[in-house]
Amino acid sequence: MRVLVVTGAGISAESGIPTFRGTGGYWRNLDPTKLATQSAFDSDPEIVWQWYRERRDMIRRAEPNEAHRAVAKLSAAADEFFLLTQNVDDLHDRADWNGYRIPEDQIAHVHGDIFTTKCERGDYTRLESTDDDLKNVRNGVPMCPTCGARMRPGVVWFGEGLDPRIVARADNFVRARPCDAVIVVGTTVAFDYIVHWTRLAAGRRGRIIEINPDDQFLGALNAEWVREPAAKGLPRLVDELTSRRYS
Ligand code: OAD
C-alpha cells in the first residue's frame, strides 16, 4: 500500500490548538491569516511575536491526539508512506503508535516549524523547542546575535514561497508512482500546491479521502468525504486500510 497523507490545522484542533479559519480562529480580535504576513510583521513585529509565543506555549503543552497516532500507525503499516503537513506544530513528530514514530524522512512540514527563529537578513537560525530564548530581545522582538537584524519565526507566511527542498521531497514522492490512497485531513485546502500534490499522488485510480466535520473542499477531485472530526474518523479509516496487515 502506497499512501500520502495531507494534514491541516483541523487535525490539531482536538489537541486544543485553534485552527486559522472558522470558530476560535481569531486571536484578540485579530485574524491569524493577516497576522501571518510580512506586512503585519513590518507594521507591528511585537504583536506578531506575542501571537507566535502564545502559540508556541500552547503547542508545547499540547499532546498529540488519536488522529496524529493514527497517522503514525499508517506510516508503520504502509509499504510506502509520506506525510505533507501544513501545520507548523510538532504534534505529528511527537505522536507514537505502540512506540513507533513517523521517521523524519517521511514528514514534510510545508509551512515550516514554529519553534525555529530565523534572522530576517542573514542565515542565522536557532531552534527554541523547549523555551523561548529571551536574550537579545528588544521591544518583544528577538534580535540576531550575529548581525543585529530582527528575527522572525521560521514559518512560511502568506505570499511567501515554499522551501525548494521541501517542494522537491514532496514532488519526488508524488511523481514516483501513483498512490492507492490520498487522505486529506482538517484543511480548507487554500493553496493550489496542495490540490496539485493531491491530484498527482492519486493518479487515475487512487482513492482520495477527505476528513472534515464541516465542509468538503475536494469534491471536484471526486474525493470521498468522511464528515467527522479527525480523532474519530481517521483512526477508523486507518483501521480499515490496515486491517489485513494487523488482523
Ligand atoms: P484552516 O484553519 O484554514 O482550516 C482548518 C480546517 O479544519 C477547517 O476546514 C475546519 O472545518 C477543519 N476542522 C476543524 N476541526 C476539525 C477536526 N476536529 N477534525 C478535522 N477537521 C477539522 O487550516 P489549514 O487548512 O491548515 O498557512 O490552513 C492552511 C494554512 O493557512 C496554514 O498552514 C497557514 C494558514 O494560514 C500559512 O501560515 C502560510
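Here is a quick tour of the cores, pockets and one helix in this predicted model.

A few ground rules come before the tour. Local features need pLDDT of at least 70 and side-chain atom pairs count only at pLDDT 80 or more, while totals for chains, interfaces and linings use all residues. Residues are numbered from 1 along each chain as its sequence is written, and side-chain values use heavy atoms, with hydrogens and water left out.

**Cores**

A nonpolar core here is a set of buried Ala, Val, Leu, Ile, Met, Phe, Trp, Tyr and Cys residues joined through side-chain atoms within 4.5 Å; buried means under 20% relative accessible area, exposed over 50% and partly exposed in between, with a 1.4 Å probe and protein chains only. The largest one holds 24 residues, and Leu4, Val6, Leu84, Val182, Trp197 and Leu218 have the most contacts inside it. At least two of its residues come from each of strand 1 (2-7), strand 2 (80-85), helix 7 (164-176), strand 11 (181-185) and helix 8 (192-202). Those elements are DSSP runs numbered from the N terminus: helices are H or I with at least four residues, strands E with at least two.

Take Val182: leaving aside residues up to four places away in sequence, its partners include Leu4, Val6, Thr198 and Ile208, where contact means heavy atoms within 4.5 Å. Apart from this core lies another, of 23 residues, with Ala70, Phe81, Ala230 and Leu241 among them.

**Pockets**

On a 1 Å grid over the protein atoms alone, a pocket is an open set of points with protein on both sides within 12 Å along at least five of seven lines, and lining residues have an atom within 4 Å of a point. Points are joined across faces, edges and corners, and a volume is the space filled by probe spheres set on them.

| Pocket | Volume | Lining residues |
|---|---|---|
| Largest | about 890 Å³ | 43 residues |
| Second largest | about 540 Å³ | 21 residues |

Nearest the centre of the largest pocket are Ala9, Gly10, Thr19, Phe20 and Arg21. For the second largest, they are His109, Gly112, Asp113, Asp163 and Ile166. Strand 6 (112-119) gives the most to that second lining, with four residues.

**Helix 4**

Which element gives the most to the lining of the largest pocket? That would be helix 4, with four residues. This helix (45-61) has 17 residues and reaches 24 Å from its first C-alpha to its last, close to the 24 Å expected at 1.5 Å a residue, the expected span being 1.5 Å times one less than the number of residues. Its buried residues include Trp49, Trp51, Arg53, Arg55 and Arg56.

Technical notes: On a 1 Å grid over the protein atoms alone, a cavity is a set of points where a 1.4 Å probe fits but cannot get out, and a pocket is an open set with protein on both sides within 12 Å along at least five of seven lines; lining residues have an atom within 4 Å of a point.
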